Amino acid sequence: MIEKTLVLIKPDAFAKGFVGNIISIYENSGLSFEKAKIVLPSKALLEMHYKAHKGKPFFNSLLDFMSSGKIMALVVSGDSAVQRVRNINGATNPDDAEEGTIRKLYGTSIEKNAVHGSEDPPAAKEEIALWFE
Ligand code: ATP
Ligand code: MG
């Protein structure tokens with residue numbers, strides 16, 4: 001099934017100059033790009049994006065981090081794009097991520113883990129609307 005998903009290149013990876021490398025990894029895996037933009041997100045946008053994590057101990061720190069610098073937001077499409085992006089991104093904690101995944105290559109902590117990929121197709125639909133509409 002052709003799907004769309006939201007990818008965010010987070011402030012850690014953006015500031016270190018890994019945007020091009022990261023985009024190449026998705027592109028080389030056969031995924032396509034539908035939309036892209038550079039954003040300095042507001043706390044309000046991030047609260048909506050991370051609403052599932054509201055109340056967790058890392059929530060405030062996560063919002064501070066995600067609003068600390070530029071992010072590249074991308075709508076990525078392809079066959080099973082939601083799960084493929086999550087596989088390419090790797091485990092949430094870069095220490096647990098497999099070799100060759102973006103988080104293994106460019107993540108530095110469970111928080112500063114370089115990229116976001118939507119959890120499932122309904123979340124992808126909501127997140128694409130939130131970031132692009
Ligand atoms: P993402 O949603 O960014 O693709 P994910 O689905 O692997 O990542 P989630 O559980 O949805 O992970 O967590 C969202 C984000 O919150 C993580 O990517 C990470 O930046 C941060 N995060 C998750 N767990 C922790 C934690 N225990 N401590 C600090 N930050 C965390
Ligand atoms: Mg998630």
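Student: In this predicted model, how far is an oxygen atom of ligand 1 from an N or O atom in the side chain of Arg 103?

Tutor: A polar contact needs a pair of N or O atoms within 3.5 Å. The Arg 103 side chain supplies an N or O atom, and ligand 1 supplies an oxygen atom. Their separation is 3.1 Å.

Student: How much of the accessible area of ligand 1 does the protein cover?

Tutor: Take ligand 1 on its own: it has 580 Å² of accessible area. The share of this that the protein covers is 81%.

Student: Which pocket does ligand 1 take up, and which strand gives the most to the shell around it?

Tutor: The space of ligand 1 is the largest pocket. Three residues of the shell come from one strand, residues 115-117. That strand is E4.

Student: Which residues come nearest to ligand 1?

Tutor: There are 15 residues around ligand 1. One of the nearest is His 116, with a polar side-chain atom 3.0 Å from a ligand oxygen atom. The full nearest set is Lys 10, Thr 92, Glu 111, Asn 113 and His 116.

Student: Why do the buried residues Val 19, Ile 22, Ile 23 and Tyr 26 lie on the same side of H2?

Tutor: Helix H2 spans residues 19-28, and these four are buried. An α-helix has 3.6 residues a turn, so residues three or four places apart point the same way. Here the four share one side of H2 because the arc they cover around the axis is only 100°.

Student: Which residue just after H2 takes a positive phi?

Tutor: Helix H2 runs over residues 19-28. Just after H2, phi turns up positive, at about 95°. The residue is Gly 30.

Key:
Residues are numbered from 1 along each chain as its sequence is written. Chains are lettered from A and ligands numbered from 1 in the order in which they are written. This is a predicted model: local features need pLDDT of at least 70, side-chain atom pairs count only at pLDDT 80 or more; totals for chains, interfaces and linings use all residues. Side-chain values use heavy atoms; hydrogens and water are left out. Buried means under 20% relative accessible area, exposed over 50%, partly exposed in between (1.4 Å probe, protein chains only). Helices (H or I, at least four residues) and strands (E, at least two) are DSSP runs, numbered from the N terminus. The arc is that of the directions from the helix axis to the C-beta atoms. A residue is near a molecule or strand if one of its heavy atoms lies within 4 Å of it. A polar contact is a pair of N or O atoms within 3.5 Å; within protein, one must be able to donate a hydrogen and the other to accept it, and residues adjacent in sequence count only if both atoms are side-chain atoms. Accessible areas come from the Shrake-Rupley method with a 1.4 Å probe; for residues, only the protein chains shown count as cover. On a 1 Å grid over the protein atoms alone, a cavity is a set of points where a 1.4 Å probe fits but cannot get out, and a pocket is an open set with protein on both sides within 12 Å along at least five of seven lines; lining residues have an atom within 4 Å of a point. A molecule sits in a cavity or pocket if more than half of its atoms lie within 2 Å of its grid points.
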